[in-house]
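Biologist: I keep meeting labels like "buried" and "stacked", and I'd like to see how you get to them. Can you show me the model and walk me through a few?

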Protein chains: 2
Amino acid sequence: MIKPRTPAGVLELLPPDQIAFQRMLDVIRRNFERFGFLPVETPVMELSDVLLTKSGGETERQVYFVQSTGALEKAGEGLPEMALRFDLTVPLARYVAEHEHELAFPFRRYQMQRVYRGERQQRGRFREFYQCDIDVIGKDALSVRFDAELPAVIHAVFSELDIGAFTIQLNNRKLMRGFFEQQGVADPSLQAMVLREVDKLDKRGADYVRETLTGEGFGLAADAVDRILRFVEIRSTSHADAIATLDRLANDGEVNDALVAGVAELREVLELVRAMGVPESAYALNLSIARGLDYYTGTVYETTLDDYPQIGSICSGGRYEDLASHYTKSKLPGVGISIGLTRLFWQLREAGLLGAAESTVQVLVTQMEAAHLPHCLSVAAELRQAGFNTEVVMEASKLAKQFRYADRAGIRFVVVLGDDEIAANKVTVKDLRREDQFQVDRAELASTLRVELAQPAVRA
Amino acid sequence: MIKPRTPAGVLELLPPDQIAFQRMLDVIRRNFERFGFLPVETPVMELSDVLLTKSGGETERQVYFVQSTGALEKAGEGLPEMALRFDLTVPLARYVAEHEHELAFPFRRYQMQRVYRGERQQRGRFREFYQCDIDVIGKDALSVRFDAELPAVIHAVFSELDIGAFTIQLNNRKLMRGFFEQQGVADPSLQAMVLREVDKLDKRGADYVRETLTGEGFGLAADAVDRILRFVEIRSTSHADAIATLDRLANDGEVNDALVAGVAELREVLELVRAMGVPESAYALNLSIARGLDYYTGTVYETTLDDYPQIGSICSGGRYEDLASHYTKSKLPGVGISIGLTRLFWQLREAGLLGAAESTVQVLVTQMEAAHLPHCLSVAAELRQAGFNTEVVMEASKLAKQFRYADRAGIRFVVVLGDDEIAANKVTVKDLRREDQFQVDRAELASTLRVELAQPAVRA
């Protein structure tokens, strides 16, 4: 006898949670499609030489390789032929480069699939997790206007997911680079090191960070450090405040081209975000947002839940210069975002933010005695025809037991067909959510349930 | 520069095909849920010792093993710790055994995920493919009545997929076993060998098969072989014919218990299939259907497209005695079916049976000049609010080019906003499917499109 168990680091769900997870996937997919993004799926395994062009040592260490039994047996030197994708960006780059001449640009795609990373074992860290990505890829060029669509998508997705107030935070890498250059921090890797120190503000406090940056290792001027600390603490409080802040930055004495370009991009993005109907409470300038420094080149996004900042960013991304330089000579600039749904789901569940799941099953047709079964099946067929997800009790048992099952499973309507009901061509319906019971003509069952479902979801 | 390419044996789709594929997945999921099946997803990788308990040499040779870089480096003897699932049945067995005390039985689950097999390279053979499975698992026992639900699900799924007339073919392993025992073929492995010969009927003809079975290797009596050949050619032509055939078999002289039991099961299944509203043209008795002989123990199903028999079975399954004997002492009988969707999709496409895909994008909002963009974005926001999947042209270009894009992408409605329209608060809509054009008030755009969409889909 083998003990049934899953590998460490995967999130396997029981049906009620799986239903809740599936509903989140559906909401995300629906909103991605609402904004004109097209579906793409790629194979879980890629050829190792294709997958690992980009990755440095750290990523490589996290890669899972795939070998058939035959390949294992004759395993020689070198890496196995195939590996599991560790994100959806490398497969996108490969896909776009491979199918470049069959795609229309700007190419908008969404992809919602699992990715794999050999993470160290730790609570809340997953080796298999869903990413839900959208990207717009241009050929040769891509207007910054596209950067404005993504916050509108993020807003639509998280509004419908209904997991509380959130803020989409925007910054721009050109603006950051320009500003840091003005403070005498021109070298990109030095900028990265400074930002890493700045990141410790919350934990260690301003004095500690100031001391480090003016100290031996960095040796920055005290007033430059003060300006940096003031800069990274900027958060806009409204649309007008964001625009005013950008104006101030662009007119703050001698400013360089990068800063001016970054300010102009951010301003255009913010104005279009507003034109798309995103309420100003849902977005803000946050000049501390940096994201992957060696990858993003313009707009960057993070999204946080206002009441649960400790969850961190629930949707991040940005603008990049060239998607697929390892696979094609074509220049393919793009902008994209990613939702790590498995981790988000787990965190929401841990925080008690997932409501009690209602089953996908809407109606349970009970069975009082075996002779009734054909009648039960035919009522169920009518309900399904009318679009209701309907389960039939296939083996008669005590009615109380059937009700208990429906209640535990989260099934809202229970249909009872006794001899009296069958003789009168009626059905008795119990609405477990409203704790209500009524009898209707069989012919009117579906339309009655439809009316009930349309009522606001308030408990009696 | 690395050549962008996928591993051999995977099916990667361009967006129009991916949309068609996704629609099939949605139809299948919707119908699985309509019948009260609950969603389950399992990790793509399972622990090797858990996954490979059941499999003999052949399956093992087709397994893909998974190793992180770290594990590769210290690879010792024995199999790698993890492997990719090769079907959804073993993961189901593991899942049900692992979560036995948290599930309600009979447990109805659906699962639609990709599985992996190291198949030899061959056109139309896939190493990664979707399976869409449903199973009902009982604890200790499971009434044969559940066997009747699956043909109803199959009928609902393939009716809505709308890929042509199909027939669900039923047989019963007990009936077969009983019949073969009566012909003096009692040993199960001998039965399997006889069935393998019988399978050659179409290719080699009755004379060849008769000669083989009466010949040295088998040595069956000529009249027994004749009875076997008549038996496996039985196909019912209607519900009444199926029932009459079963009656004839049950009353054909001295019959053994297995045959009587099989006939009784099949009769009950057929009567309930009819009670569930499945039209009798959609199902038939086919006494040649055997399926996996060492696995199925009662009802077995195959489904074929009436006009494309060469595609083979598009949905198969059956009743099994015990799902998870390797993982638990509990007896878990079940009944299930599986659709191999990747292969089916590929075959339908090869046969030219997939219609031209309409995009998921329903409306394209064009842009005549950059100054109009905020206006375009706000019209698009209204359309999305009303539930329309809407793409906005973010960079102005010639209108003809924008129309060409919509046409190629399969987007039905194109919205034009010129200076005149904006001044009059109107929009011009071109319906590319009906080759029709009209102007409406902006406030009535969504309701007008909704009416258009509700019209029957006939080309002008």
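Biologist: Why is B:F21 called buried?

Modeller: This is a predicted model, so keep in mind that every value here is computed from it. B:F21 has a relative accessible area of 3%, and buried means under 20%, so B:F21 gets the label.

Biologist: And what makes B:Y130 count as buried?

Modeller: Same recipe. The relative accessibility of B:Y130 is 10%, and the cut-off is under 20%, so B:Y130 counts as buried.

Biologist: Okay, on to ring pairs. How many aromatic pairs does a search of the whole structure find?

Modeller: The search finds 22 over all chains. Take A:Y95 and A:F107: their ring centres are 6.4 Å apart and their planes are at 15°.

Biologist: What makes that pair of A:Y95 and A:F107 stacked?

Modeller: Two checks. Centres must lie within 6.5 Å, and planes under 30 degrees apart count as stacked. With 6.4 Å and 15°, the pair passes both, so it is stacked. The pair also links distant parts of chain A: A:Y95 is in helix α5 and A:F107 in strand β5, twelve residues apart. Both A:Y95 and A:F107 are buried.

Biologist: Why is the pair of B:F21 and B:Y130 called tilted?

Modeller: Their centres are 5.3 Å apart, with 45° between the planes. Under 30 degrees would be stacked and over 60 edge-to-face, and the rest is tilted, so 45° lands in tilted. B:F21 sits in helix α1 and B:Y130 in strand β6 of chain B, 109 residues apart.

Biologist: How do you know that A:K430 lies over the face of A:F403?

Modeller: A:K430 is at 5.3 Å from the ring centre, and the limit is within 6 Å, plus an angle within 35 degrees of the ring normal. B:R108 lies over the face of B:F37 too, at 5.5 Å from the ring centre.

Biologist: Last one: what makes β1 and β8 of chain B edge strands?

Modeller: Eight strands of chain B form an open sheet, in the order β1-β5-β6-β11-β10-β9-β7-β8, with mixed pairing. β1 and β8 each pair on one side only.

Biologist: How do you know that β10 and β11 of chain B pair?

Modeller: Pairing needs at least two bridges, and five bridges join β10 to β11 in chain B, so they pair. These two strands run antiparallel. One of the contacts has B:R319 with B:V335 in β11(B) as its bridge partner.

Definitions and conventions
Residues numbered from 1 in each chain as written. Chains lettered and ligands numbered in written order. Predicted model: local features only at pLDDT ≥ 70, side-chain atom pairs only at ≥ 80, totals over all residues. Heavy atoms only, no water. Phe/Tyr/Trp six-rings, centres within 6.5 Å; stacked < 30°, edge-to-face > 60°. Helix = DSSP H or I, 4+ residues; strand = E, 2+ residues; numbered from the N terminus. Buried < 20%, exposed > 50% of the residue type's maximum accessible area, 1.4 Å probe, protein only.
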